[in-house]
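Take a look at the chain below. The report covers overall form, surface and local detail.

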Amino acid sequence: MKRDSFLYRVYDLYYDGFRHMTLGKTLWAVILIKLFIMFAILKVFFFPNFLGKKAPKGQKSQFVSEQLINRAK
């Protein structure tokens, strides 16, 4: 990649910025840990696979439409 290209300058800007961080590295670590907790751990406990348990295999769209129609009545 040429040193005059836009992509190289953007890459160099971020690379240099992350290399000289002190407090920022700790903050990024906290952010990544929180994202892991939100998406990996909370998903298991608070968002069960409801359609996988209730709907027959290959009939998920039909099951959802029936549930929506039954609730509207």
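The text below moves from the whole chain to single residues. This is a predicted model.

**Overall form**

The protein chain has four helices and zero strands. From the N terminus, the order is α-α-α-α. A compact globule of 73 residues would have a radius of gyration near 11 Å, whereas the protein chain comes to 23 Å. Its C-alpha trace spans about 65 × 30 × 25 Å along the principal axes.

**Surface and charge**

Just 4% of the 73 residues of the protein chain count as buried. The table lists surface and charge values.

| Property of the protein chain | Value |
|---|---|
| Exposed area | about 7,200 Å² |
| Share from carbon and sulfur atoms | 67% |
| Positive side chains | 13 |
| Negative side chains | 4 |
| Distance between the centres of the two charge sets | 16 Å |

**Helix α2**

Helix α2 covers residues 23-46, which is 24 residues. How far apart are its end C-alpha atoms? They are 33 Å apart. That agrees with the expected span of 34 Å, because each residue should add 1.5 Å. The helix α2 also bends, by about 30°, at Ile-37.

**Ala-55**

Where is Ala-55 found? Ala-55 sits in the loop between α3 (50-54) and α4 (60-72). Is this residue buried or exposed? Ala-55 has a relative accessible area of 10%, so it is buried, the cut-off being under 20%. Ala-55 and Lys-2 are 53 residues apart along the chain, and their C-alpha atoms are separated by 55 Å.

Methods:
Residues are numbered from 1 along each chain as its sequence is written. This is a predicted model: local features need pLDDT of at least 70, side-chain atom pairs count only at pLDDT 80 or more; totals for chains, interfaces and linings use all residues. Side-chain values use heavy atoms; hydrogens and water are left out. Helices (H or I, at least four residues) and strands (E, at least two) are DSSP runs, numbered from the N terminus. The radius of gyration is taken over C-alpha atoms; the globule rule is 2.2 Å times the number of residues to the power 0.38. Buried means under 20% relative accessible area, exposed over 50%, partly exposed in between (1.4 Å probe, protein chains only). Accessible areas come from the Shrake-Rupley method with a 1.4 Å probe; for residues, only the protein chains shown count as cover. Lys and Arg count as positive and Asp and Glu as negative; His and the chain ends are not counted. The place of a charge is taken as NZ of Lys, CZ of Arg, CG of Asp or CD of Glu. The expected span of a helix is 1.5 Å times one less than its number of residues. The bend at a residue is the angle between axes fitted to the seven residues ending there and the seven starting there.
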